[in-house]
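Here's a walk through one model, taken sheet by sheet and then on to the ligand. Have a look at the structure first, then read on.

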Amino acid sequence: MCGIVGYVGRQKAATIMLEGLKRLEYRGYDSAGLAVLQDGGVTVVKSVGRVANLAKLSSGRRLSGVAGISHTRWATHGGVTDANAHPHISSDGQIVLVHNGVIENYVAIKKFLLTKGYAFASETDTEVLANLMAYHLAKEPAAAPAANGSAEAPARFLEAVRKTLLHVEGTYGIAVISPAHPGELVAARKGSPLILGVGEQEHLIASDVSALVSRTQNVVYLKDGELVHVTSAGFTLSTLDLADVSPVIDKVTWSVDDAELGDHPHYMLKEIFEQPQALENAMRGRFSADASTANFGGLNLTPADFRTIDRFVFTSCGTGWHACLVAEHLIERYARIPVEVDYASEFRYRNAPLDRDALFFVISQSGETIDTLAALREAKRKGYKCMAICNVVGSTIAREADGGIYQHAGPEIGVASTKAFTSQLLISAMFALYVARMRDMSFADGMEYVAGLKAVPELARRALEQAPRIKEIATRYAKFNDFLFLGRLDLFPIALEGALKLKEISYIHAEGYPAAEMKHGPIALISEQCPSVFFVPKGELFNKVVSSMQEIKARKGLIIAIAPESLELPEGLADEVIPIPDCHEAAAPILATIPVQLLSYYIALTRGCDVDKPRNLAKSVTVE
Ligand code: AGP
């Protein structure tokens, strides 16, 4: 939620920041703005609307400054207006600030600042930060101002930011500049991600590496409670209680091209088609030499540790939570170890009784989702080991977990998660195999399982070949305003995911349900105006699902069936059949997902929706 880019160097800051903001737009797109230090002052351009709009506004302005900050907003406090857009300037003009997060005690701070004569031009919680910093800056012992390079001036600016943050409750990633301190930028984080890019005679600050990777691959992931003071020549890292921090410079392993749209019309479609590659990446180097089990280098647990575990607890949000449900099914089925799945947003508050020897897992594409991070911290606070399945390397969740499994799916920019989800499903299937082989699964079954998973990328390629047919179905079904998605066992979470995908990008009301539960209520929704998408399984439940389909048909409901190609459905039962390749049972959820991703995409497209930037949403939810 909200994206920040800051720059200090020798190039025009506005140009570099606008490029970075475009890459961060998935984090919020209610308004955008930038500020550059120039001519002894500060120039601000901001407006409601997208980054493209900001770029247009900026092109008519002379923006030559070499230091600046910028922001793309997902509104929390205050409506979507120009006044509420960031950057915010203190009423004395001395502090300019962008913020990602929520200041919980802003009302009390605002009251205090009003008594001190500070004025407010917006309804945001952020503006109180700017004014409180200005208040502290004014109170700092008089120092020779603005002498760039002077030891005194930077300390004064940094000190004002630091003192402000000591009074703040809530979450923040901030970047701050001051016209009295040209060539400097101060950034800090607590609960919202912030990364420092270390370039050649330039430094950048961003909420995500995608915004700075075109300029440098050397990055420092800031930790909660850290502040960084940046100039073009260098940076110093410290904590809020003034302890120096030795920076660890990491290398980003992907390039800017990986996050480019290329010839694709949308990131979502690009990422759907990247799934075969993402699935291959998730498996690379992770099978044993005898091809009978999986290996995970980052779990930091021995097989003996695993023997003592009597329950897994999986938590996540949104799409990741659906992946947890599939993990539950696979681990319980193949390893016979009980699994509990919790919404991360609920886990922290419900004080659940936990088994003594439970092992925690969180699943998060971004590694920054605040609810998931809070669940991880709660589990650790209670003394449990917590593993993370994460896509973004170096993310907060990845760093705070005791161990984990990186997805290596590459950057996922589309707000609707696609390749990250199927990659989470594959990793869950591999993990189920890993623990199953430590328990009762035989060598032969393990080999068959591994062979089944290795085939998945190629089968995913074949599933994608249905895109033209799915597009044609989508064009005809886009007129409906209600959909049901129905599946059983490990395909029930895919029904939930199908419904979520359709909801978030096309704004169509959709519900995922266990197919057999349908007759206990949702069947009342069935009419010619409410189509049902059925996930048809192979095996013992095939006939049961066919019976559920008959019940829909008897009530004139339209049916789209997603079924393995070897299955024969009764003639005329489904109005549309989308075949998927036959596969190992553990991979069935992955292949069943691809058609619903495409269906949602093409329906949203037919309805004229902005697929990559659906209304009200942001990719990475860093507020509670
Ligand atoms: C997925 O399409 C959603 N946009 C959303 O549910 C997402 O999966 C959720 O916010 C969790 O994000 P994370 O995986 O980055 O933690």
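## Ground rules

Two strands count as paired if DSSP finds at least two bridges between them. Helices (H or I, at least four residues) and strands (E, at least two) are DSSP runs, numbered from the N terminus.

This is a predicted model, so to speak with filters on: local features need pLDDT of at least 70, side-chain atom pairs count only at pLDDT 80 or more, and totals for chains, interfaces and linings use all residues. Residues are numbered from 1 along each chain as its sequence is written, and side-chain values use heavy atoms, with hydrogens and water left out.

## The antiparallel sheetEight is the strand count here: an open sheet of 8 strands runs in the order 3-2-4-1-10-9-11-14, with antiparallel pairing. Strand 3 (41-48) and strand 14 (250-251) are the edge strands, each pairing on one side only. As background, strands of a sheet pair through backbone hydrogen bonds, either parallel or antiparallel.

Going through some of the pairs, strand 9 (residues 195-198) meets strand 10 (residues 203-206) in the antiparallel sense over 4 bridges, and there Gly-197 stands opposite Leu-204 of strand 10. Strand 9 also pairs with strand 11 (residues 218-221), again antiparallel, over 3 bridges. Which residue of strand 11 is the bridge partner of Ile-195? That's Tyr-221. Strand 11 then pairs with strand 14 in the antiparallel sense over 2 bridges, with Asn-218 opposite Lys-251 in strand 14.

## Helices across that sheet

Helix 1 (residues 13-24) lies across strand 1 (3-8), strand 2 (31-38), strand 4 (67-73) and strand 10, and runs at about 155 degrees to strand 1. Helix 2 (residues 51-59) lies across strand 2, strand 3 and strand 4, at about 135 degrees to strand 3. Contact here means heavy atoms within 4.5 Å. The axes are lines fitted to C-alpha atoms, for helices over the stretch in contact, and angles run from 0 to 180 degrees between N-to-C directions.

## The parallel sheet

A further open sheet has 5 strands in the order 16-15-17-18-19, and its pairing is parallel. Strand 16 (339-343) and strand 19 (403-406) sit at the edges with a single partner strand each, so one side of each has no neighbour in the sheet. On average, neighbouring strands of this sheet are turned by 20 degrees against each other, direction ignored.

Strand 15 (residues 311-316) and strand 17 (residues 358-364) run parallel and are joined by 5 bridges; Thr-315 stands opposite Val-362 in strand 17. Helix 11 (residues 370-381) packs on the sheet, touching strand 15, strand 17 and strand 18 (386-390), and its direction makes about 165 degrees with that of strand 17. Helix 13 (residues 419-438) packs on the sheet too, touching strand 15, strand 17, strand 18 and strand 19, with about 160 degrees between its direction and that of strand 17.

## Around the ligand

How many residues surround the ligand? There are 13, and the closest are Ser-364, Gln-365, Ser-366, Thr-369 and Glu-504. To be near, a residue needs one of its heavy atoms within 4 Å of the molecule. By class, the shell divides into 3 nonpolar, 8 polar and 2 charged residues. In this scheme Ala, Val, Leu, Ile, Met, Phe, Trp, Tyr, Cys and Pro are nonpolar, Asp, Glu, Lys and Arg are charged, and the others, Gly among them, are polar.

Now for the polar contacts, where a pair of N or O atoms must lie within 3.5 Å (within protein, one must be able to donate a hydrogen and the other to accept it, and residues adjacent in sequence count only if both atoms are side-chain atoms). A polar side-chain atom of Thr-369 lies 2.4 Å from a ligand oxygen atom. For Ser-366, an N or O atom in the side chain is 2.6 Å from an oxygen atom of the ligand. Ser-417 uses its backbone instead, with an N or O atom 2.8 Å from a ligand oxygen atom. The protein covers 90% of the 410 Å² of accessible area that the ligand has on its own; accessible areas come from the Shrake-Rupley method with a 1.4 Å probe, and for residues only the protein chains shown count as cover. Helix 9 (318-335) and helix 17 (492-506) are the elements that give two or more residues to the shell, and helix 9 gives the most, with 3 residues.

## Backbone oddities

Most residues other than glycine have a negative phi, and most peptide bonds are trans. The bond from His-86 to Pro-87 is cis, with omega near 0 degrees, and Pro-87 is in the loop between strand 4 and strand 5 (88-89).

Leu-489 has a positive phi, near 50 degrees, and is placed in the loop between strand 20 (482-487) and helix 17. Asn-616 has a positive phi as well, near 70 degrees, and lies in the segment after helix 19 (588-606).
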